[in-house]
Amino acid sequence: MSPPRSSSRKYRTYRADFAQRREHGDGKAGKSGGAGGGPDGVPRGRQLGKRRSRGFMTLFSKFVELLRGHRAALGMAVVTLSISTLVDLIPPVVSKIAIDNVINGSPFGDGLLGRIGGWLPWLDEPKKLLMFLFLAVVAINVGSILMRVWGRWQATRISHRVRVEMRRRVFNHAIRLPLHRVFSLKSGGASSIIREDAGGVGELVFSMMYNPAGAVIQLVGVFIILAYTEWRLLLGALILLPVVFLTHRMWIGRIRPLWRDIRATRAHIDSRVTEAFGGVRVVRTFGRERTEGTNFATDTHFMTRQELLGWWWNRAIDIIWRMLIPVALAGVLCYAGARIIDDNAAVAAGTLAPHDALTVGDLFMFLWYLASLLQPLALLASSAAGLQTSLAGLDRVLDLMEEPLESPTTPGAVTLDPMQTRGRVEMSGVTFTYPKAPVPALSDISFTAEPGQVVALVGPSGAGKTTLCNLIARFYDPDTGAVSLDGQDLRGIHVNSYRAMLAIVEQDIFLFDGTVADNISYGRRGATEGQIAEAARLANAQEFIENLPKGYGTWIGERGVKLSGGQRQRLAIARALLAEPRILILDEATSNLDTESERLIQASLRNLMADRTSFVIAHRLSTITHADQILVMDQGRIIERGRHDELIARSGRYRQMVQVQTHPPELGREGDEDEDAVTDEEVAGAAKS
């Protein structure tokens with residue numbers, strides 16, 4: 001683990017790298033973006049596939065696809081919002097009538113108001129007209145509020161449903177990624193993408209659809225009214241549009257890449273925290289609590305600096321609009337006020353008709369509409385932060401969703417029938433290399449495991465034993481060659497159908513945070529209590545389970561922390577027994593058991609493996625002397641194969657391994673070959689014992 005670096009130094013390096021990426025037109029967090037530093041202190045990104053550059057329209061079209069099934073409801077919500085917004089434009093006209101025609105007593109004239117006054121002669125009385133205007137405003141506001149609340153409720157409901165659906169889709173995709181990709185994400189990083197990025201996609205219902213629709217309707221309505229009443233004010237309002245464009249470009253160029261980096265940093269911090277608490281025993285053993293705390297503080301301080309940088313860009317836009325609004329209002333006040341003075345003088349001189357003059361009511365209405373014009377513009381500018389943040393999350397989600405799954409199903413793939421599956425596994429010329437690995441992990445592997453046979457895999461660490469089993473489980477597909485079941489290439493079988501025939505018991509046992517019964521029955525849906533108890537009995541786990549406080553209903557904690565290592569191992573074996581697989585993979589399945597329990601479980605495993613094709617990875621060679629076939633591996637190749645007695649008789653690598661385990665060299669006597677030598681009978685007998 002590299003020594004912690006100061007957050008200020010990392011931040012300075014990040015700013016320089018961020019500026020360089022902007023200069024070259026790459027705003028994505030490909031080289032930077034996380035809180036984990038590379039050799040130069042620049043945070044590394046999440047590496048979600050190749051770096052892409054999606055434009056706004058691409059992201060918009062992708063989001064519209066996600067709204068399938070909700071488009072009609074969202075359309076109705078936008079319609080009610082539009083009606084409500086247009087209705088909200090009526091009160092300024094009512095205020096003008098109240099000021100000019102009620103308070104100042106001006107006649108309606110020959111226009112629309114004059115005709116309405118002719119139809120309703122009682123409106124000529126000022127107090128009755130004022131009461132009518134009051135009731136009209138109240139009715140308009142109540143109707144507008146009801147429509148707006150209904151539409152917003154629909155948009156909110158859709159937002160939450162999209163959020164849930166997106167999280168489900170991302171989870172279902174991420175859990176099916178290749179193992180190496182899942183390991184690179186880490187549990188905390190995956191949780192961050194699912195919780196933050198996928199969850200934030202739902203906010204686009206408001207920031208990309210609902211709120212902008214209301215703002216655009218209000219803008220268009222105000223522009224039309226201003227063009228009808230005073231075209232000079234419309235020209236003044238159009239001057240604001242370049243300001244909107246420039247601020248929007250600022251958001252696109254700076255804010256979205258910055259928030260993308262912030263999300264990557266948050267994902268890195270989540271994964272580091274998950275890792276630290278998952279390995280808390282190691283952390284405490286080596287006294288690294290302070291180091292982990294320092295790393296966490298450095299990363300969070302670095303993210304805070306990123307967030308503060310985003311805050312300043314937000315405030316820059318906010319300051320521009322806070323300065324623009326009062327300046328614009330003051331400009332309208334000066335222009336309209338001067339017009340009113342000039343028009344009053346012209347009316348008094350008889351050179352201007354009274355109904356053509358600009359009135360105080362007109363000034364009040366203009367100021368109201370100008371504020372109504374600036375409000376949606378300011379809303380569009382200020383809401384760009386939420387929009388760009390959510391777009392950054394959608395961008396990261398799309399990166400993840402475009403990554404290929406672990407084992408794509410070929411067209412025409414078959415579904416296995418458990419009753420017809422025999423369990424003959426064959427590898428033919430298999431070569432496999434892990435992504436970005438310099439050399440193959442397996443090279444030209446060929447063997448056949450007949451139904452019911454036990455195949456043992458032995459060899460030093462890194463020989464390729466686990467990789468071979470990973471290909472049998474179809475966690476990976478071979479680069480060349482084929483892995484087949486009963487003569488059918490695994491790539492031509494539905495992966496879920498194939499894995500239903502498979503059970504794995506690993507050395508590093510993983511149990512879920514649930515009850516004993518939940519963990520045993522995990523591999524078999526609908527298992528009865530009797531079946532669970534029988535599997536536990538065969539795995540020699542029944543005795544300790546019955547001694548637990550609540551028996552099979554005892555909660556065992558995350559990863560089974562409330563159980564001993566041997567108890568966890570036996571639960572895993574019971575889980576495999578209950579699944580009744582056709583193919584069984586045992587990776588040192590009895591390594592954490594005491595001698596007595598191991599002997600009992602070995603008898604149970606022999607019964608289990610009698611009718612099942614079993615692959616056993618073993619370091620203790622005494623546990624695989626009964627195997628039908630032993631494959632000795634080294635550097636990704638099979639160097640020896642045969643039964644125990646046959647391999648002992650050859651005096652090859654297997655015999656040497658047995659000799660080391662049964663007669664380990666004593667300290668200080670490594671060079672005395674004569675005294676360490678043993679006979680064939682001694683080696684074979686010691687191994688079988």
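## A nonpolar surface patch

M131 counts as partly exposed because its relative accessibility is 46%, and partly exposed covers values between 20% and 50%. This is a predicted model. M131 sits in helix 6, which spans residues 126-174.

M131 also belongs to a nonpolar surface patch. Its partners there are F134, L135, V138, V142 and L146. Together these residues make a patch of about 580 Å².

## Strand 3: a covered strand

Strand 3 covers residues 454-458 and is mostly covered. Of its 5 residues, 5 are buried.

Side chains leave strand 3 in two directions. V454, A456 and V458 point one way. V455 and L457 point the other way. Both sets are buried.

## Strand 3: pairing

Which strands pair with strand 3? One is strand 8, residues 613-617. The two run parallel and are joined by 4 bridges. Another is strand 9, residues 629-634. That pairing is also parallel, over 4 bridges.

V455 has a bridge partner in each of these strands. In strand 8 the partner is F615. In strand 9 the partner is Q629.

## Confidence

The protein averages a pLDDT of 77. A score of at least 70 is reached by 76% of the residues.

Over residues 27-51 the pLDDT falls below 50. Beyond near neighbours in sequence, this stretch has 88 contacts in the model. Residues 667-679 also have pLDDT below 50. Beyond near neighbours in sequence, that stretch has 10 contacts in the model.

Technical notes. Residues numbered from 1 in each chain as written. Predicted model: local features only at pLDDT ≥ 70, side-chain atom pairs only at ≥ 80, totals over all residues. Heavy atoms only, no water. Buried < 20%, exposed > 50% of the residue type's maximum accessible area, 1.4 Å probe, protein only. Pairing = 2+ DSSP bridges. pLDDT = per-residue confidence, 0-100. Contact = heavy atoms within 4.5 Å. Patch = residues over 30% accessible without salt bridge, like charges linked within 9 Å, V, L, I, M, F, W, Y side chains within 5 Å. Areas by Shrake-Rupley, 256 points an atom, 1.4 Å probe, with all protein chains shown as cover. Salt bridge = Lys/Arg side-chain N within 4 Å of Asp/Glu carboxyl O.
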